[in-house]
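Me: I would like to learn how to read a helix crossing and a pocket. Could you take me through the features one by one?

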Amino acid sequence: MNFTTEKAIYLQIADRLCDEILTGKFADDERIPSVREYAVLLQVNANTAVKSYDQLASAGIIYNRRGLGYFVTPGARQRILDGRRREFMESQLPAMFRRMRMLGISIDEVVKAYDDHPEPPETKERHASENK
């Protein structure tokens, strides 16, 4: 994983785990990699991974079963989606609108670009499984 300097590493790790939950890599009540496994995978200090897991546990995204490890909290995917949508609508979208106005980009141009943009494979797969 390539880390950026714009955000603390433990938060980037938490975001990655949330991304994995969103894409269906980990389902409700499914065990996620141990703190040590994830730290080794991402080549970070175990204490950094611990901080990420603590953050996610306090947000109700994962929970710990003593002696068994961490698991995805039922409803975590929806909780992540709700939080990310809220953050997008309240923070990123207004900034994008300001930039669009500054650059003279119409909403119709954005809609066309959105419609022309291919859907990522993992999103197509998730939508197909949700519509079964």
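**Helix crossing and pocket**

Reply: The crossing of H1 and H3 is right-handed, where right-handed has the near helix turned clockwise from the far one by less than a right angle, and left-handed anticlockwise. Helices are DSSP runs (H or I, at least four residues), numbered from the N terminus. This is a predicted model, in which local features need pLDDT of at least 70 and side-chain atom pairs pLDDT 80 or more, while totals for chains, interfaces and linings use all residues. Residues are numbered from 1 along each chain, and side-chain values use heavy atoms, without hydrogens and water.

Me: At what angle do H1 and H3 pack?

Reply: Axes are lines fitted to C-alpha atoms over the stretch in contact, with angles from 0 to 180 degrees between N-to-C directions. Here H1 (residues 9–22) and H3 (residues 46–58) pack at about 55°, their axes 8 Å apart, which means that H1 is oblique to H3 (not under 35, over 145 or from 65 to 115 degrees).

Me: Which residues of H1 and H3 make the contact?

Reply: With contact meaning heavy atoms within 4.5 Å, H1 contributes residues including Ile 9, Leu 17 and Cys 18, and H3 residues including Lys 51, Tyr 53 and Leu 56.

Me: Which helix supplies the largest share of the lining of the second largest pocket?

Reply: A pocket is an open set of points on a 1 Å grid, where a 1.4 Å probe fits, with protein on both sides within 12 Å along at least five of seven lines, and lining residues have an atom within 4 Å of a point. In the second largest pocket, H4 supplies the largest share of the lining, six residues.

Key: Helices (H or I, at least four residues) and strands (E, at least two) are DSSP runs, numbered from the N terminus.
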